[in-house]
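Hi there,

Here is the structure I promised to pass on to you. Have a look at it first, and then read on for my notes.

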Amino acid sequence: VSAPTSPYSIRHLFYDGTAVFRLALVGLLLVSGVACSADSIVLKRPDGTTFSFPLSGPQYDPRAEKLVREIQELDKLIEQSSKGAPRDVAIALRQIASEYRKEAVDNLELAVETAQQTSSLQLDSKLIGKAADGVKGFRQLVNSPTPNSLRVKTQISTTISDAQIHYLGKADHELQLFHWSSYTPGDRLVIGRYVFRVQSEALPGGSFQEEVRIFSDPAMQVLSPIVGVPK
Amino acid sequence: MRIAGVQLVPIVRRVRWSIYGLMAAALMAAAGCALIDVSETTTNRSAVVTSNVPECSTSRIQLTTPTVGLFVGISDYSDARIASTPAHTLGAAMMYSTFFDASRKHEIPEATNFLEASLRLPVGSAEAEAATRFLQIRTHNEIWAKIRRPSKSDFASSADGKWTYLGDGKLVTRAKLNQDISAAITMAERVYQANGSVLLVLYVAAHGVRSSSGEYFLQPADARIDDPSTWMSLSELLQPVRRWIEEDLAAQGNKQVLVITDTCQRDTELSSSSSVPQAKALPHWLVVVQSASPGQYAWHFPSSAQSRETVRSDKTHFGIVPGISDEKSGTFVREFRSRMSLFPLALQCGLAFARQTYDNSPKFQGESAMIGNDDLISITEESLKELLTKIPTATRGGFAQDLAVIGVNAGDTPYFLIEPKSESPKGTAP
């Protein structure tokens, strides 16, 4: 058997010892080329399906890209953050993380879809803001020291004097199941997301509410109204 | 919903020399006997098109006044950061269709409608096919006739991989839009001189925003996303029509103008030049309807259609060997998806609803009913709200879309009238 003389012949490859390496190199370059020129970032939704965030064109937004990259980074960190924690704590933390992540991804996706389906120029700033809140909660969770038990000591206080404080799980609050529990600083609460209500005659409207994230032991937060209160 | 049932029965007759026939002929010829195989193929095609777009017929609805309409859909943007979308062109075509159908061409031949849009989409894309298909099934035949099919020169000149399907192929730039408005005013003046009254309708579907100072702008095709000086303010859009009305106040309502801006009014962080004046109080007889209120989006209806085509090929043979047909029999289903501005659909469906209400009301039996400015706005808005519930993204995001109206049509001169049903001739089924 003699080797073919044409350098372009497919048969030539079978007689050239370096051909396999060259083919592999071409394949590698092609694959890396695709990855480098990718014009979107793919994010997984909670149900396992994917969502592509555009990195160019009319629906591209640098604020949204920053959030998408943060989510990708936090996806990796969350795996590490709860290592060594008791099983029930790890499960609870991951559940809360997935809620924040979902908030962020849902709002980013809604912003892109809205831009595609309307005569608008840019991604919706309010939706981007909501996505940023989700990412912020996600990051806060990842960065918090992991508690040793599901129930943690809390120290939630308010700047309003003579106020009563009540709390409610955030999920129940969203479902409008308003079965408020009375709160006393020092109470041990299950880690999670809560809505706290501060009631006082000194407040306009009589009360205000604020989300409280209880991830660490102890969990501390001072509740204060956004609008000014007469002293 | 079945919106069109089209029976297409082109008969294709092919006389085929099959390879077997040739072989047989060669053998027969060799045997001294010339015999060929001739087969005849008859292909029957029938297509049924179904669509999710509500069928809202506006038959028996007529314009009350000789009308000149300019319907603009800005679908192509030269700045790649601004989305090009067929929704605006489809919207303009639907508005054109509604007014064209309602115009009393037989009585007032001077009445004219212009359609100004350029819809350019990637060569051979599903989007292009879907958009042209919707233009075909949702608008008047006159519009379909205006669609320029791709030619060889398009291949040569389309370095950017785009074709022009509708309009004259030029982008609807700020200068072109101003020219078109001037031409429409000239035509409206001519119609007014001939008839003593005229309604000028100016509809523009485009991208739009409110600047940080709260001023409304729309984006012509040559707008730059980061340069508000390239945007078109409402006052710039209205300036020529205002001047036209104010120059002849003696016309006293015989010159009416209805301007419809079908754009978003979402707030943008970019600030506009303070030298651009705000729209001042409008003269009587000039009404501006905006398809979305300040801070809102103008949504696009996610239209889809399915064409179910049945092909049946029947072959008859003359000869001794069966022929081979390249026609395949069977049922072929094709899906089309595009987007169209919501407002024109809402207007059509609002008019259709008004006619239905009129037909069901014993009060109007045998008489015409009028649809004035306020009625038109209210029926369109109701319809808009209902259609918005069919857009999942809008529902999920809790978005609303309400019309905004600037100015008054003094005297509420009716735009449309609903003609009574013609009675069925005796002896025929109703």
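Below is what turned up, going from the two chains to their interface, the cores and the salt bridges.

One thing to keep in mind throughout: this is a predicted model.

**The two chains**

Chain A has 231 residues, and 38% of them count as buried. Its secondary structure comes to 6 helices and 9 strands. In chain B there are 430 residues, with buried ones making up 52%, and the secondary structure consists of 10 helices and 19 strands. If you look at contacts between residues at least 6 apart in sequence, 82% of those in chain B join residues at least 24 apart. For chain A the corresponding share is 63%.

**Where the chains meet**

At the interface, 19 residues of chain A are in contact with 27 residues of chain B. Together the two chains bury about 1,800 Å², and 53% of that is on carbon and sulfur atoms. On the chain A side, the residues that lose the most area to chain B are Q117(A), S119(A) and L121(A), which together account for 41% of what that side buries.

The rule finds 2 salt bridges across this interface, and 13 residue pairs are in polar contact there. Which elements of chain A give two or more residues to the side that touches chain B? They are α4 (87–116) and α5 (125–143), and α4(A) gives the most, with 5 residues. By type, the residues on that side divide into 4 nonpolar, 10 polar and 5 charged.

A salt bridge you may want to display joins the side chains of E113(A) and R396(B), with N to O at 2.5 Å.

Another residue to display is Q219(B), in strand β10 (residues 216–219) of chain B. Is Q219(B) buried or exposed? Its relative accessible area is 0%, so Q219(B) is buried. Leaving aside residues up to four places away in sequence, Q219(B) touches L121(A) from the other chain, and its contacts in chain B include I74(B), Y77(B), H207(B) and W231(B). G208(B) is also among the residues that Q219(B) touches: a polar atom of the Q219(B) side chain lies 3.3 Å from the backbone nitrogen of G208(B).

**Nonpolar cores**

The largest nonpolar core holds 111 residues, of which L108(A), F196(A), L376(B) and F416(B) touch the most other members. The element that gives the most to this core is α4(A), with 13 residues. Not counting residues up to four places away in sequence, L108(A) touches F51(A), A64(A), L67(A), V68(A), I71(A), I128(A) and A131(A). There is also a second, separate core of 43 residues, which includes V72(B), M187(B), I225(B) and L237(B).

**Salt bridges**

Over all chains, the structure holds 25 salt bridges. A network of them in chain A links E99(A), E103(A), K170(A), E174(A), R193(A), E211(A) and R213(A).

Within that network, K170(A) pairs with E211(A), their closest N and O atoms being 4.0 Å apart. K170(A) lies in helix α6 (residues 170–174) and E211(A) in strand β8 (residues 207–214), so this pair ties together parts that are 41 residues apart in sequence. K170(A) counts as buried at 15% relative accessibility, while E211(A), at 25%, is partly exposed.

E211(A) also forms a salt bridge with R193(A), where the closest N and O atoms are 3.1 Å apart. This pair again links distant parts of the chain, R193(A) being in strand β7 (residues 192–199) and 18 residues from E211(A). With a relative accessible area of 7%, R193(A) is buried.

Helix α3 of chain A offers a local pair. E65(A) and R69(A) both lie in α3, 4 residues apart, about one turn of the helix, and they form a salt bridge with the closest N and O atoms 2.9 Å apart. E65(A) is buried at 17% relative accessible area, whereas R69(A) is partly exposed at 40%.

Also in helix α3 (residues 62–81) is E73(A), which is partly exposed with a relative accessible area of 36%. The C-alpha atoms of E73(A) and E174(A) are separated by 28 Å, the two residues being 101 apart along the chain.

Happy browsing, and best wishes!

Technical notes:
Residues are numbered from 1 along each chain as its sequence is written. Chains are lettered from A and ligands numbered from 1 in the order in which they are written. This is a predicted model: local features need pLDDT of at least 70, side-chain atom pairs count only at pLDDT 80 or more; totals for chains, interfaces and linings use all residues. Side-chain values use heavy atoms; hydrogens and water are left out. Contact means heavy atoms within 4.5 Å. Buried area is the accessible area (1.4 Å probe) that two parts lose on being put together, summed over both. A polar contact is a pair of N or O atoms within 3.5 Å; within protein, one must be able to donate a hydrogen and the other to accept it, and residues adjacent in sequence count only if both atoms are side-chain atoms. Ala, Val, Leu, Ile, Met, Phe, Trp, Tyr, Cys and Pro count as nonpolar, Asp, Glu, Lys and Arg as charged, and the others, Gly among them, as polar. A nonpolar core is a set of buried Ala, Val, Leu, Ile, Met, Phe, Trp, Tyr and Cys residues joined through side-chain atoms within 4.5 Å. Buried means under 20% relative accessible area, exposed over 50%, partly exposed in between (1.4 Å probe, protein chains only).
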